[in-house]
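Grab the structure and work through a few short exercises on side-chain contacts. Try each task yourself before reading its solution.

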Amino acid sequence: MRGPSLKMLKGRESLTRLVGKRRRFLPNRHSLLSAPTQSSLNLDIVVSVDEQSSSNQQGEDNGVVEGSVTCPVCGVKLSPQNSLINSHLDECLSRGTKRKLTQRTLLELNFCPVSKIQTCSYDSEQLEKDLFPAAHDESPVQDVSWRLSNLTAVEECQNQVDNLSRIPINKDKISDVPDFDVTITQDDIYGVTLETFIVGRRFGDETELYLGASIHLSRDPDNVKDPNAIKVVHSDSGCLKVLGFLPRKLAEYLSPLIDQYRLNFEGCVTSVPKHSIDVVPIQIVCHKTSDANDFNDDNVFKCLWRNAQQVIESTKSCPPCAIKYQDNFCVFIREVLRNSSHLLTDDEKNFIESFISMSDDSQRLFVRLYTRKGPWFRLSTISYPEVLDPQEAVKELCETGYTYCFNVTNNLSDDDIKEILDLLTLSELREILCILKQSGNRGLRKQDLIASLISYKEDLCPLLPSMVLHRTGSCVRISSNAGSLIWRAERLFFLNGEQDLSAFLLVDLGIVKYPTYKCMVSQQIFSSRDDLLGYEEAIEVAQIVDEALDESNTRLVLKCIKIADSHLSNPVKSLTSEAMAPFLAHFSATFVCSKVVLLGISFLEHERRYSDAIYLLKRLLNCFAQDRRRGYWTLRLSIDLEHMGYLNESLLVAEKGLLDEWVRAGSRVALQRRVLRLGKPPRRWKTPSFAESLKRKIMEVNVQGRPLNSAIGMKSRFYGEDGEQCGVEQLALQYYAEEGGWQGVHTESGIWLTIFGLLMWDIIFSSVPDTAPLDLETDSFYLVRKNHIDSHLQKIHDGMAEEILISSWELHEGTACRGVNWRRHSLPELRAAVTCIGGPCVAAFCRHLAQDYRSWSSGMPDLLLWRFHGKYRGEAKLVEVKGPRDKLSEQQRAWLLLLLDCGFNAEVCKVSPVA
């Protein structure tokens with residue numbers, strides 16, 4: 001199979017974006033690949049259970065043989081090979097079932113059940129000895145010189161206070177707070193200076209800071225993100241502008257002191273940071289008010305005050321910016337629990353909630369490990385300044401099931417050994433090989449050395465793990481259960497596979513700024529847990545087929561196509577009902593499987609298996625009666641029928657497709673051209689009505705240049721007018737500048753989508769229930785806003801485009817919006833473009849994008865040119881540039897014809913080498 005070209009298959013890039021970051025462990029992989037598929041598609045493949053479990057790395061059939069063992073979880077018969085049994089048991093036990101067994105090397109080909117409680121029942125001293133065999137003083141993490149003070153009395157009532165952290169505390173409802181012998185007088189409270197920071201600057205009012213600026217604290221109980229929020233207000237000159245907020249952790253304890261005990265805090269700015277979004281050091285002092293409540297002998301007050309002091313002390317050595325990722329992760333977890341708890345089981349909710357109750361060290365260490373490549377990490381190398389006690393953090397994470405920890409007494413599976421071997425250095429690998437083979441293998445790469453060691457695994461099973469772990473020391477990894485649940489939470493939070501926890505970092509650094517708009521939600525993305533699980537399984541199938549294409553594993557690709565086809569067994573008129581928002585269809589198992597099937601069609605066409613591709617195309621067209629992709633499916637069906645020699649059927653499919661309202665843009669033009677080509681006498685005698693429009697002559701301009709290269713398959717390069725190397729687009733820009741005084745940019749769709757986004761900003765983010773702005777690529781975007789859009793487009797038509805553009809730019813500069821590229825296009829360029837294009841043409845262009853953004857957001861001409869006639873008038877031209885061996889795509893042709901219909905000046909520029 002021609003592997004490299006498989007990356008260019010139609011639908012591959014879209015599927016890869018849908019999958020996002022590949023998961024290391026797929027909990028449903030075995031069940032998906034081993035279960036019989038209800039598909040009529042016969043691809044003549046047989047994939048054995050063993051081949052599925054071992055990721056299809058063996059080329060021969062590994063069927064169940066004599067002496068097989070039975071899995072005690074799912075009952076599947078397995079071949080008596082340690083690696084297959086271990087791998088299968090891992091998959092079974094992390095499929096959502098509570099772990100009742102632990103994995104051991106199965107020397108006698110039997111499963112050895114061991115209670116989870118038993119495996120974790122070490123006493124504290126023994127567990128520390130097992131996890132950290134190195135001497136206590138030699139660990140690199142022991143050099144951390146600072147620790148939080150041991151506040152025994154505070155710790156006794158810590159849980160009572162922490163349970164109140166999400167809502168404002170009502171003193172009357174607090175009971176059973178234990179007494180402790182801590183004396184706090186008014187002198188300990190009033191007049192004492194507390195040092196902390198202002199965070200969340202991007203959510204405050206824009207105002208210039210200066211050293212010594214007076215501030216005071218003000219509660220913000222209506223804050224949607226945190227009801228304990230405390231605003232830091234600039235109190236000089238009576239401006240009362242919000243500078244930001246106190247750190248969330250500190251606000252948990254100060255907010256009830258302000259609300260219930262009427263404490264008042266004032267202070268000043270002690271340092272001005274270099275960047276506007278950085279945290280701002282401040283000092284605050286508590287002042288007594290006339291209505292302050294008495295706190296003598298009040299244990300709740302004492303506990304809150306000491307906790308606040310503890311938080312402040314910790315931030316002196318670990319400022320908020322260093323642990324912001326921990327706060328972000330907790331916000332992310334809480335949002336998922338608040339909005340999607342109906343999709344989680346009680347065990348899953350308890351597991352996720354247990355993270356919030358963990359110590360700060362455990363939370364920080366888990367987030368650090370989760371965002372690293374891994375999967376295994378040497379405990380001896382884990383050292384972060386903000387993690388005070390990594391040993392205790394690892395111990396707590398292991399006890400709660402968030403990590404696995406292996407030491408020299410554990411037996412590991414083949415996959416575990418292979419992954420841990422990657423932690424070894426070249427010298428360590430060679431040392432082990434020398435012991436095993438009496439040879440150094442100095443010329444081999446690291447992966448070659450690992451492969452050599454793996455080849456000895458079967459003969460030296462008890463010896464190799466001990467030799468490896470003797471050099472690595474204890475190792476830790478994220479548990480499959482924790483990894484799966486956090487992955488699910490990320491999907492529910494971000495609703496896509498392209499974003500992850502790094503999105504928080506981009507916002508914190510000010511690199512990305514998201515718009516503020518009101519989203520009124522009345523429908524859930526996933527109505528039930530079954531819908532979510534089906535969607536996740538479909539994502540797993542998508543990842544498996546993507547990986548199989550990378551490995552050129554034809555059999556697994558065909559298996560995944562059959563699995564996806566089986567999910568399309570019930571024809572549906574639409575993925576959504578009339579009452580359901582159209583974009584919700586993208587979060588269904590059926591939609592994901594349709595993308596797998598589409599990629600499968602491209603793969604089958606690549607393999608010239610046109611009959612199978614035709615079957616799947618008919619299945620898609622039958623299952624999705626209202627789908628924008630029907631145009632491409634119909635076009636491919638007509639083409640594949642022609643490949644098979646069925647010209648009449650190909651023509652009939654093309655003609656029928658032109659009657660389909662969902663066939664649009666480039667696909668419609670392509671089908672029209674096929675009808676004209678195939679529908680000649682004697683097949684058809686009547687000329688279609690669209691023939692004259694399609695045969696319109698698009699003006700062409702020919703430009704000659706000195707070629708730099710003429711190799712087939714490479715992008716054409718020329719010498720420009722200034723003698724520098726350039727592409728065909730830059731050469732065309734130079735030609736138009738010299739011939740007609742045109743100014744312009746090579747941008748393709750970029751500048752047009754930026755103009756549309758800026759002109760239609762208020763429309764895109766208008767308050768429409770369940771849509772804004774997720775429905776931009778659906779027909780409902782225009783339909784539900786029709787009156788608002790029509791009145792707005794009339795203003796643009798009447799010449800207000802430049803005014804709207806300037807206003808939108810000044811209000812929203814730097815804010816993320818679909819299609820808007822702030823860095824590539826300057827405001828003067830955009831103003832010149834809309835002025836020279838003219839109101840009627842700009843309004844017509846915006847109308848087409850508003851009505852069908854998905855169909856018309858690509859394929860626009862390469863160049864946008866303009867020139868002024870006077871100060872306020874001008875003209876514009878759109879040019880599609882083609883090199884010596886290039887020709888127009890159907891989408892480009894559709895755009896040029898549409899632009900001509902809308903009154904634009906459009907043409908094609910053909911660049912050819914000098915004779």
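What follows is a set of tasks, each with a stepwise solution.

This is a predicted model, in which local features need pLDDT of at least 70, side-chain atom pairs count only at pLDDT 80 or more, and totals for chains, interfaces and linings use all residues. Residues are numbered from 1 along each chain as its sequence is written, and side-chain values use heavy atoms, with hydrogens and water left out.

**Exercise 1: a bridge between helices**

Task: Which elements are linked by the pair Arg 488 and Glu 536, and are the residues buried or exposed?

Solution:
- Step 1. Check the contact: the two side chains, Arg 488 and Glu 536, form a salt bridge at 2.6 Å, N to O (a side-chain nitrogen of Lys or Arg within 4 Å of a carboxyl oxygen of Asp or Glu).
- Step 2. Place the partners: Arg 488 belongs to helix H20 (residues 480–494) and Glu 536 to helix H22, so the pair links distant parts of the chain, 48 residues apart. Helices here are DSSP runs (H or I, at least four residues), strands likewise (E, at least two), numbered from the N terminus.
- Step 3. Check the cover: Arg 488 is buried at 10% relative accessible area, and Glu 536 is buried too, at 7%. The cut-offs are under 20% for buried, over 50% for exposed and partly exposed in between (1.4 Å probe, protein chains only).

**Exercise 2: two more salt bridges**

Task: Where do the partners of the Asp 226 and Arg 248 pair sit, and how many residues apart are Asp 790 and Lys 786?

Solution:
- Step 1. Asp 226 and Arg 248 meet through their side chains at 3.9 Å, N to O.
- Step 2. Asp 226 is in the loop between strand E4 (214–219) and strand E5 (230–234), while Arg 248 is in helix H10 (residues 248–261), 22 residues apart.
- Step 3. Asp 226 is buried at 9% relative accessibility, whereas Arg 248 is partly exposed at 23%.
- Step 4. Now the other pair: Asp 790 and Lys 786 make a salt bridge of 3.0 Å, N to O. They are four residues apart in helix H34 (residues 786–812), which means a separation of about one helical turn.
- Step 5. Lys 786 comes out as partly exposed, at 39%.

**Exercise 3: rings**

Task: How many aromatic pairs are there, and why is the pair Phe 526 and Tyr 535 called tilted?

Solution:
- Step 1. Set the rule: rings of Phe, Tyr and Trp (its six-membered ring) pair if their centres lie within 6.5 Å; planes under 30 degrees apart are stacked, over 60 edge-to-face, the rest tilted.
- Step 2. That rule gives 26 aromatic pairs.
- Step 3. For Phe 526 and Tyr 535, the centres are 5.3 Å apart and the planes at 55 degrees, so the pair is tilted.
- Step 4. Phe 526 is buried at 3% relative accessible area, and Tyr 535 is buried at 3%.

**Exercise 4: a charge over a ring**

Task: What sits over the ring of Trp 487?

Solution:
- Step 1. Apply the test: NZ of Lys or CZ of Arg must be within 6 Å of the ring centre and within 35 degrees of the ring normal.
- Step 2. The charged end of Arg 23 passes, 4.0 Å from the centre of the Trp 487 ring.
- Step 3. Arg 629 does likewise over Phe 624, 5.7 Å from the ring centre.
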